[in-house]
Structures are given as C-alpha cells and as structure tokens.
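User: Please present this protein chain to a first-year student through a short series of questions and answers.

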Amino acid sequence: MKTSKSLVLIVLLVLNLQVMILFAPQKTEAREMMGGNDFCAKVQSLSRDNADKLGKNRKIHSRKEMHMTAKDDELSKSRDQYSKKFNKHIDELNKKYTSASQRQAIQKFSQTVQSAIELRRTTIDAARADFRSSLSGASIEHREQIDAAETEFINKVNEAFAAAKNDCANGQSSEQAKADFMTRLNQVKADYAKAKSEINDTKVIDGSAKVRDDKIKAAYEQFKSTLDSAKSELENSLNAG
C-alpha cells in the first residue's frame, strides 16, 4: 500500500506544479491589464506572446513508472541471507546427527524447505510483476488524460485571447473587453481544475496493490505452514535416532 500512496502523492505534486506553471503567465498579464483602460491597446501583443509563453512554461514532466530497483535489491539481499543462514543450519545438523536415518531425515527436511522457498519466491515475484504491469497501464492512461487536459487548457486560453482581440476590433470598450476576457479566463481555469480533479487512477492502483499484498501474504502463510510441518517431522526423526 505504501507504493500506491507514494504514487498518488507524486501525481498530486506534479499536477499542482503544472497548474502553477501554466497559470503564472496569465496571472501576470491579468494584473497588468487591470492597471488601466488600455486593454485593447495591449491585447494585440498579449495574444501574440501568449502561445510562446505557454509553450516555454509548459514543462514536459516525464511521468516515469515507479521503478522498484531499490526494493528488488533489498529483496535479493534478504533472500541471499536467508539461504546462507539455512544452509549453515543444515551443515550444523549434519555435524551433530550422524546416523544414516538422521542424515536421511535432514536431507528430506532440506529438500522440503528448499522447495517451499522456491515456491514462495515464485509466487511473490509473479504477484509483484502483475502489480507492476497494472501500474504501468494506469500510468499510461493517466498520462493521456493529463495531456488531453493540458491541451484543452491551452486551446481555451488562446480562444479567450482571440475573442478579446475580436471584441476590441469590433469597437467594444477596453473596460468591457477586459471584463469579458477575465470572465472567459476564469472559466477556463475552473474547467481545467475540474478536469484535473476527475483524473483519478488511485482506485486501480489500490485495487492492484491489495491483490498483490494478498498473494504475498498467502505465500508467506503457506511457507510457514510447510516449514512448521517439516520441522516437526524432522524433530521426531532425529529424536528417534
């Protein structure tokens, strides 16, 4: 569940940054326009500069799928340590118990546990791989939705400038043209915020994470059951001599 929560936080931070980057030019220009009655005199240069400013400020964030390299390394080291510890334990048993029946029981125990370890690893690796595949699919869909919302925002901003230019060309006063422009711009910002709020892939991620976690939990429980049974059988065999 930590992975899905981390991803959600990253997505929210990226989206908030994009809003700040995209809206910053318009806020500055709006303040300039509100300072006087020369809106129509300025709108020509503002509309020409707008697309360029948006293009420069619209940074392309690489939304990388969450790589789990560190987790993989940690898991690999943990498995190696467990194998070494287990093999050392088997060596110590063989030194302590030397009869043929005891050695046979130790060998059986070792094979049983090794098979259980391999099954646990295979199950866990498959669960983690399935989760990554699901995460990748959700990430691609999320990217497409974000790109569509950003493109719509830029188009609507340009339309607002074009409408203001047309109003001024048709003789509308600077004060009225400015008021209409701000109304359009505020609506564009509200529409973008709404579109952003509707982009949500956390349900997919959380659902996939739960499936993964349930499979991993079941794998550990099955391993523990097999290990406990094998240990009990080994103890009985060693005590019997």
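The questions and answers below treat the helices, the disulfide and the nonpolar cores in turn.

User: On what basis are the values given?

Analyst: Residues are numbered from 1 along each chain as its sequence is written, and side-chain values use heavy atoms, with hydrogens and water left out. The model is predicted: local features need pLDDT of at least 70 and side-chain atom pairs count only at pLDDT 80 or more, while totals for chains, interfaces and linings use all residues.

User: How many helices and strands are there in the protein chain?

Analyst: Helices (H or I, at least four residues) and strands (E, at least two) are DSSP runs, numbered from the N terminus. From the N terminus on, the elements run α-α-α-α-α-α. The count is 6 helices and 0 strands.

User: Why does the span of helix α5 (residues 174–197) agree with the expected one?

Analyst: The expected span of a helix is 1.5 Å times one less than its number of residues. Helix α5 has 24 residues and should therefore span 34 Å. The C-alpha atoms at its ends agree with this, lying apart by 34 Å.

User: Which residues form a disulfide?

Analyst: A disulfide is a pair of cysteine sulfur atoms within 2.5 Å. The structure holds 1 disulfide, and its sulfur atoms are 2.0 Å apart. It links distant parts of the chain, 128 residues apart, in helix α2 (residues 39–57) and helix α4 (residues 100–169). The pair is Cys 40 and Cys 168.

User: Is the disulfide of Cys 40 and Cys 168 left-handed or right-handed?

Analyst: The torsion about the S-S bond of Cys 40 and Cys 168 is about -80°. The disulfide is therefore left-handed.

User: Are Cys 40 and Cys 168 buried or exposed?

Analyst: Buried means under 20% relative accessible area, exposed over 50%, and partly exposed in between (1.4 Å probe, protein chains only). Of the 241 residues of the protein chain, 33% count as buried. Both Cys 40 and Cys 168 are buried.

User: Which element gives the most to the largest nonpolar core?

Analyst: A nonpolar core is a set of buried Ala, Val, Leu, Ile, Met, Phe, Trp, Tyr and Cys residues joined through side-chain atoms within 4.5 Å. The largest has 19 residues, and those with the most contacts (heavy atoms within 4.5 Å) inside it include Phe 39, Cys 168 and Phe 181. The elements giving two or more residues to this core are α2, α4 and α5. The most, 9 residues, comes from α4.
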